[in-house]
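Reader: I have the sequence and the coordinates open, and I would like to go through them by question and answer. Please keep the answers short and end each one on what I asked for.

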Amino acid sequence: MGEPLVLKDHSGESQIFFERAIIGFLVLIALMLFLFGRFFYLQIIQHDMYATLADQNRIQVEAIPPVRGLIYDRHGEIIAHNIPSLNLTIITELSPNIELTLSKIDELIGLSAEEQRAFKRRIERRQRPYEPVPVTFRLSAEDHARIVVNKNSLPGVQVEARLIRHYPQGSLLAHAVGSVRRINENDAKRLDRVAYSGTNHVGKIGVEKHYESVLLGKVGHKRVETNARGVIMKELDSVNPEVGKDLTLHVDAALQRVSSAALAERRGTIVAIEPSTGGILALVSKPSYDPNLFVKGIDHETYSGLLESVDIPLFNRALQGQYEPGSTIKPLLGIAGLVTGTISPDDVISDPGWFRLPNEDRLYRDWNWRLSGTGGHGEVGLQKAIYRSCNVYFYNLAVKLGINRIHQYLDLFGFGKNTALDLPEARSGLLPSIEWKKENRGLGWFPGDTVNIGIGQGDMLVTPLQMATAATLIANRGKWVAPRMLKSGHVLDEDGSIKDIDVVPDYIWDEIISAMEKVVHRGDQELGENGTAWAYIGQDITYRMAGKSGTAQVVSIKQGEEYDENELSERQRKHAWFIAFAPIEDPKIALAVLVENGGGGSKVAAPVAREILDYYVKRKNPVMTQASYASGFR
Amino acid sequence: MPQDFVRRLSDTGYGFERTVGIGDKVHLDFTIVLLLLLISSYGLLVLYSAVHPNQSAVISQIVKIGIASLAMVFLAQISPIFYQRLAPWLFILAVFLLVMTFFFGTEVNGSRRWLRIPGFLGFQPSELMKLALPMALASYFHNRHLPPKKRHIFWALMITIIPTALVVPQPDLGTALIIFVSGVVVLLLAGVAWKFVFGALGVAFISAPAVWFLLRDYQQRRILTLFDPERDPLGDGWNIIQSKTAIGSGGLSGKGLFEGTQSHLNFLPESQTDFIIAVLAEEMGFLGVVFLLIMYLFLMGRGIVIAIQAQDTFGRLLAGTITFTFFVYVFVNIAMVSGLLPVVGIPLPLVSYGGTSILTLFASFGIMMSIHTHRRIML
């Protein structure tokens, strides 16, 4: 038998296929009916249940921003609180033509180009559908009315009420407390998205910045059911936000007002400290600015006006202004001289009105060389050197001490560093040393440098806060209290590295304080024997004050040139310094005053200091001047 | 004396005069073409709503349908004899490309399905295999007696398992399933004895626990999620819960085009691709779904008629397999979206957004029309 012939049974094969295809088609129809049944079950029988589920899907979670903690002054006066403000927002899904809507709003209330740009950026950053996107944050009542009247032609436009930061004192405390500002794109990258959801502002400078985490509070949220158009139908549940902590500062708003008034329209700065605590009672820097401008969003013109003004109102002179200390440094050098035994209280020199280093031609003149016919202060001991502010005495003392010991003692008083506990923006000034000069100038230390330091000139720079701190230390007889803003409301980390000045014996403090007392109180003497400030502030004073004047050069006077105030333009005149504390027997306040381009310290700065001390020392009971702010907005 | 039985030829397809219509001249079947265009247009309408207000996907889909239609018309012109002879070589090419994908495939979303020829478009060899395998098997049985003998069944299974095994590890469970099922469909239509069919089902049932451990984590999770979507409402259960919610909330007549809150508030996942029937169900309701299913039924019914009328084994088996595989697509996708089957990536034929599946589908209907319109006229 050979291979079986392959003969296909066509009829049989098509019969088999026909059967199988029919069976398959029946299965197919059965399964399709099953799908019909499934959809009938889901869409008809269970429709109600799923319709509810679909509705519940539209539940949204909304952040509830916390209310920022309030800031009070030491007597409970409100410094920063929160007030309602109206925001204009657009829900973009409800506005078919956003450009058109925006231009209509612009017609009605006027939008800056900046606001329009920011709005478009915010649309891109939006997190969920139907989220209102803010257009402007400063809707006046009048603008609000315009929007409401035209509501029909503004689809998707809403007016939203929110609490925003407000500084009722305006510019008075701007430099003391700082402010919050709108969160910009850089901030948004840095800040925790959850913690700041729903919050538009963040503390940008000063206390508001330093205590940001304490003041902020904790964000809450609520679940709301929205309809298909994203409109909130009802609130389901919520977790309430935690209010930020309230802070009380050492600042005395009433004293701040008096201090600010004492400076009047002059450029300058005042720092007043409570010696027992280190608490900053007043911190004035003029000119100032209204921090509320930044909260609502400042317009470009105003901002560049502030930024470009020659008076630099945004600059915090009290913390960041760095000036020569001038003669205010003299009591501290006196302490160094006495402690090191370089001088004794009774040592005297004979002041011819000038000083010359051995082997040098340059003459270092005394401030009065041109006033008295003979020049000089005659026979001068330490006390007279301080109350008459004798330069020649301190030229000698500085040279004898040498720069290393000067540096060592001035360092004890906090110069060349920021000793404040909660003012990280404060600058360090400059306390020169041999190493510093080598590193920064590439030069060796010259004896002439030391001579200049003797009267607070040359390379040395101090901030008004540092001078006030030095005055506090003298008032405290060496007991260190680091300057601070915070009085209560939060724990303040004390700086353990700061040590009391215990190398100075009591008799030396007595000697120096007595000399500083004479600056103000020694009067009715013959010509050239009164305290430098007596004629200006000492004649009718009813309590005992210690003080020291100083002048800081703006333009250096060359050898042989004469200093003529009238010839120099106003902005080239010397800055006037005065440091003081009172009452001497139990110091309640120590301060530093600097009047920019004011001229003589005793003549210009001392009366400012006295006005402030008069108010503070004589005030019996601290009075709440604006009791209406007692509660503030919560 | 007993009389010899005389076998008479059945007149099914033979000795039966056909008139040559216009359809046969242009090698198109107007019922199929009409139904394909109807379903595609209906699908475009749903897609238009699903991607609203972005219309670029709709335009791109129209272009793809246009290209796929041209391919279909072209393939319908070629004689089935050519396909029957080409089939083994096409299969070998497809296997080769699948192996290449294994080594040179482009990884997209953690799976390696695409082969990119530099300077040319990328494509998925597994899509080619969806057509190549039924063609190869139909061609294989075309030259053999039916019902198939045991060794032919064995080789047919081998031909099925090789490409399936190559697609599973890509991983692409959905496509592997389609490929495997299309092979099995050929065997069933070829007349494999029922005892083998039920025997295989029994073995599958017993070995199911072993297969469980071969599945990947996410595949296991999808199956668990099917039985209890609430066990992970934010993860794997999310899709099923949301799609059932979309379907159920549609009700009898739906919420209206563009009005589906589930689809338009972004609750529904993959609303343009695998889950598009949920959009249809939400916006056009039960009636909209029934309309689509009935059109599918007509299309598949026509496919079976064409298969039955085919004149040889190749034509019968291929047309039949194309029809039943199409049904598997429809059933698995709809059952998956409505929570009856685990989520595997199978698009809804002719409706889901995406180019490759549209092209494969139109191509297969082109071949089906070639089979139908190249019949010889028997007298």
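Reader: How many residues of chain A are in contact with chain B, and with how many residues of chain B?
Author: This is a predicted model, and the contacts are computed from it. Counting from both sides, the contact involves 33 residues of chain A and 43 residues of chain B.

Reader: Which element of chain A gives the most to the side that touches chain B?
Author: α1 (10–45) and α2 (47–56) of chain A each supply at least two residues to that side. With 21 residues, the element that gives the most is α1(A).

Reader: By class, how many residues on the side of chain A that touches chain B are nonpolar?
Author: That side of chain A has seven polar and five charged residues. The nonpolar residues there number 21.

Reader: What ipTM does the predictor give the complex?
Author: Two scores are given for the complex. The pTM is 0.59, and the ipTM is 0.90.

Reader: Which residues touch the most other members of the largest nonpolar core?
Author: This core has 131 residues, and helix α16 (residues 391–412) of chain A supplies its largest share, twelve residues. At least three residues come from each of domain 1 (61–249) and domain 2 (318–485 + 492–526) of chain A. The members that touch the most others are Ala471(A) and Leu591(A).

Reader: Which residues of β11(A) does Leu591(A) touch?
Author: Residues up to four places away in sequence are not counted here. The list for Leu591(A) includes Ala468(A), Ala471(A), Ile579(A), Ala580(A), Ala609(A) and Ile612(A). From β11(A) it has Ile270(A), Val271(A), Ala272(A) and Ile273(A).

Reader: Are the residues on the two faces of β11(A) buried or exposed?
Author: Gly268(A), Ile270(A) and Ala272(A) point one way from the strand, while Thr269(A), Val271(A) and Ile273(A) point the other way. Strand β11 (residues 268–273) of chain A is mostly covered, with six of its six residues buried. On both faces, then, the residues are buried.

Reader: Which residues stand opposite Val271(A) in β12(A) and β20(A)?
Author: β11(A) pairs in the antiparallel sense with strand β12 (residues 280–286) of chain A over six bridges. It also pairs in the antiparallel sense, again over six bridges, with strand β20 (residues 589–595) of chain A. Opposite Val271(A) in β12(A) stands Leu283(A), and opposite it in β20(A) stands Ala592(A).

Reader: Which residue in the hairpin of β11(A) and β12(A) takes a positive phi?
Author: Six residues lie between the strands of this hairpin. A positive phi near 80 degrees is found there at Gly278(A).

Reader: How many residues of β20(A) are buried?
Author: On one side of β20(A), Ile589(A), Leu591(A), Val593(A) and Val595(A) are buried. On the other side, Ala590(A), Ala592(A) and Leu594(A) are buried. The count of buried residues in β20(A) is seven of seven.

Reader: How many bridges join β19(A) to β20(A)?
Author: Strand β19 (residues 575–582) of chain A runs antiparallel to β20(A), and the two form a hairpin with six residues between them. In this pairing Trp577(A) stands opposite Leu594(A). The number of bridges is seven.

Reader: Why is one side of β1 and of β3 in chain B left without a neighbour in the sheet?
Author: The open sheet has the order β1-β2-β3 (chain B), with antiparallel pairing. Three bridges join β1(B) to strand β2 (residues 111–116) of chain B, and Glu107(B) has Arg112(B) as its bridge partner. One side of each of β1 (106–108) and β3 (122–123) of chain B is free because these strands stand at the edges, each with a single partner strand.

Reader: Where in chain B does pLDDT stay under 50?
Author: The mean pLDDT of chain B is 86, and 90% of its residues reach 70 or more. Where pLDDT is low, the predicted coordinates should not be read in detail. The stretch under 50, for which the model has 13 contacts beyond four places in sequence, is residues 10–17 of chain B.

Reader: Which helix of chain B has the highest confidence?
Author: Chain B has 14 helices and three strands. Confidence is lowest in helix α11 (residues 261–264) of chain B, at a mean of 74. It is highest, at 95, in helix α12 (residues 276–309) of chain B.

Notes:
Residues are numbered from 1 along each chain as its sequence is written. Chains are lettered from A and ligands numbered from 1 in the order in which they are written. This is a predicted model: local features need pLDDT of at least 70, side-chain atom pairs count only at pLDDT 80 or more; totals for chains, interfaces and linings use all residues. A residue is buried if 20 or more other C-beta atoms lie within 10 Å of its own, exposed if 12 or fewer, and partly exposed in between; C-beta atoms are placed from the backbone. Helices (H or I, at least four residues) and strands (E, at least two) are DSSP runs, numbered from the N terminus. Two strands pair if DSSP finds at least two bridges between them. Two residues are in contact if their C-beta atoms, placed from the backbone, lie within 7 Å. Ala, Val, Leu, Ile, Met, Phe, Trp, Tyr, Cys and Pro count as nonpolar, Asp, Glu, Lys and Arg as charged, and the others, Gly among them, as polar. A nonpolar core is a set of buried Ala, Val, Leu, Ile, Met, Phe, Trp, Tyr and Cys residues joined through C-beta atoms within 7 Å. Domain bounds come from an automatic or database domain assignment. pLDDT is the predictor's confidence in each residue, from 0 to 100.
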